[in-house]
Amino acid sequence: MIRKRTRTRGGGGTPARGRLRAALGATTTALLTVTALAALPQTTAHAAGTLGAAAAEQGRYFGAAVAANHLGEAQYAATLDREFNSVTPENEMKWDAVEPSRGSFSFSRADQIVDHARGKGMKVRGHTLVWHSQLPGWVSGLGASDLRSAMNNHITQVMTHYKGDIHSWDVVNEAFQDGGSGARRSSPFQDRLGDGFIEEAFRTARATDPAAKLCYNDYNTDGVNAKSNAVYNMVKDFKSRGVPIDCVGFQSHFNPNSPVPSDYRANLQRFADLGVDVQITELDIEGSGQAQATNYGNVVRACLAVSRCTGITVWGIPDKYSWRSSGTPLLFDDNYNKKPAYDAALSALGGTPGEDPEEPGEPGEPGACTAAYTTAEQWSGGYNGKVTITAGSTAISSWSVNLTIASSQQVVSVWNGSPSTNGNVMTVRSTWNGSLAPGASTSFGFTVNGGTTPAPQVGTCTAS
Ligand code: G3I
């Protein structure tokens, strides 16, 4: 079951992810340093043969844009949960969704997506803080000084609300014009605050959540052209002046009029060479059959060829929910069947198309395991938890379990297991105790401060 979050308007409070990390870091003598923990894989893809699992093996994430109103559709949620290990809310974090009137924040639809993702151990991309589109009318009506404070307040409130939840934020989206001018796009921000609004947005973002990667995101910047040159020069300038920027997002919306450029990899690489990560943030490629599959394979291979290309997000799951549905640009058809493009993307990631992933956790199934939680000890203000792992009807050689910890609690040490965190979801993997005979059990333990209730939620046990 997914933990219900209690969040107040405008955010506030210490973030769950920050607390878990800080607490684990404070007990380096017990197990881990903060550095070591940060270096641990943070994904929990379910099995080999899925996009997320294959990408994780390459040290990348593979994400999808998600719409809150589809999460109740069983096949949509099942495909998301099986295949992807990062999500981007497609519209729910945009300005018109979260601050429809000045100072009045509404996070419930975005929270739905974040809660779903965190409950499954997925990462979340934040999209987007400052953009000329999907901007409520009240913003466009403000004068310069009011607009500056509204922009900074919006960034601060939204990032604070999601502090610790988001691995990368699109701080500024689509600030440059199409075409050959290399100029900034006209927008309320550009027109009233001038070029400096981008820098100001990034500085405010860094001050609010220093742990989040801060990205500039745009389209038609996927190859070397006047627009990408303009973005490149801005990033270069930011890096030389110490303006905080960590990543550049390449939306990668492709169609016959705007095909995958032949210098796609080279363009990603030149940005990476400036000292930023690059991410493919909104990938979709109109077409069908082998031609579409070839394009998907090429895009994935381009990312893998650039060591700072940290992940790929496709802009939707089945074709029918794409913003360009008539172009059938995604990896799954309207009935959630895998398309040739899926196989090509998975192969390019080094995965194995055609193999259905194991459904994890059915007791008695070959290779499966189950996990059961008990409170071993408790005292005022804390407890020791114990999770017992039991192999199914065949031997296993490793296991992994997700635990969702209440946001009011902090894990301060873990033993007989190797922890990594994503938000307040802790994934514990076997260390020396992964090999279990059929039906055999082992356990790991952990100490929690910050109250005795609620008990942690134990997720699926995954075995190999
Ligand atoms: O939810 C309402 C619905 O109640 C109403 O009946 C309907 C009538 O038009 O509109 C629905 O909202 C639409 C929303 O998508 C949800 O489907 C909006 O009209 C529509 O404008 C909005 O489009 C989104 C678009 O951004 C807005 O610019 C797309 O879903 C979304 O995929 C797209 O995403 C953008 C990225 O954020 C930035 N890069 C480009 C990308 C593609 O345009």
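## Contacts of N449

Two residues are in contact when heavy atoms of one lie within 4.5 Å of heavy atoms of the other. In this predicted model, N449 touches W379, G381, G382, S408, Q409, Q410 and V412, with residues up to four places away in sequence not counted. N449 itself belongs to strand β16, which covers residues 441–449.

One of these partners, S408, is 41 residues from N449 along the chain, and the C-alpha atoms of the two are separated by 8.9 Å. N449 has a relative accessibility of 31% and therefore counts as partly exposed, since that class lies between the 20% limit for buried and the 50% limit for exposed.

## The chain as a whole

The chain has 464 residues, of which 56% are buried. Its secondary structure comes to 14 helices and 17 strands. The exposed area of the chain is about 17100 Å², and 49% of this is supplied by carbon and sulfur atoms.

Contacts between residues at least 6 apart in sequence were also sorted by separation: 76% of them join residues at least 24 apart.

## Nonpolar cores

The largest nonpolar core holds 94 residues, and the members that touch the most others are F62, W169, V172, F202 and L331. Apart from neighbours within four places in sequence, F202 is in contact with V171, V172, L214, C215, Y216, F238, V243, P244 and I245. A second core, separate from this one, has 21 residues, including I396, L403, V411 and M426.

## Helix α12 and its cover

Helix α12 spans residues 264–272, and its buried residues are Y264, N267, L268, R270, F271 and A272. The elements that cover these buried residues include two helices, α11 (226–241) and α13 (289–304), along with the strands β6 (247–250), β7 (253–254) and β8 (277–285).

N233 is located in α11. From N233 to F271 the C-alpha distance is 9.7 Å, with their positions 38 residues apart in sequence. Is N233 buried, partly exposed or exposed? Its relative accessible area is 47%, so N233 is partly exposed. F271, by contrast, is among the buried residues of α12.

## H70 in a loop

H70 sits in the loop that runs between β1 (61–66) and α4 (74–83). Although it is a loop residue, H70 counts as buried because its relative accessibility is 15%, and the limit for buried is under 20%. Beyond its neighbours within four places in sequence, H70 is in contact with Y76 and Y321.

## Surroundings of the ligand

The ligand is surrounded by 14 residues, and the closest of them are E90, K94, H127, E282 and W315. By type, the shell divides into 7 polar, 4 charged and 3 nonpolar residues.

Several side chains place polar atoms by the ligand. In N91, a side-chain N or O atom is 2.9 Å from an oxygen atom of the ligand. For E174, the distance from a side-chain N or O atom to a nitrogen atom of the ligand is 2.9 Å. Q251 has a polar side-chain atom 3.0 Å from a ligand nitrogen atom. The ligand taken alone exposes 780 Å², and the protein buries 45% of that area.

Definitions and conventions: Residues numbered from 1 in each chain as written. Predicted model: local features only at pLDDT ≥ 70, side-chain atom pairs only at ≥ 80, totals over all residues. Heavy atoms only, no water. Helix = DSSP H or I, 4+ residues; strand = E, 2+ residues; numbered from the N terminus. Buried < 20%, exposed > 50% of the residue type's maximum accessible area, 1.4 Å probe, protein only. Near = heavy atom within 4 Å. Polar contact = N/O pair within 3.5 Å; in protein donor to acceptor, adjacent residues only side chain to side chain. Areas by Shrake-Rupley, 256 points an atom, 1.4 Å probe, with all protein chains shown as cover. Nonpolar A, V, L, I, M, F, W, Y, C, P; charged D, E, K, R; others polar. Core = buried A, V, L, I, M, F, W, Y, C linked by side-chain atoms within 4.5 Å.
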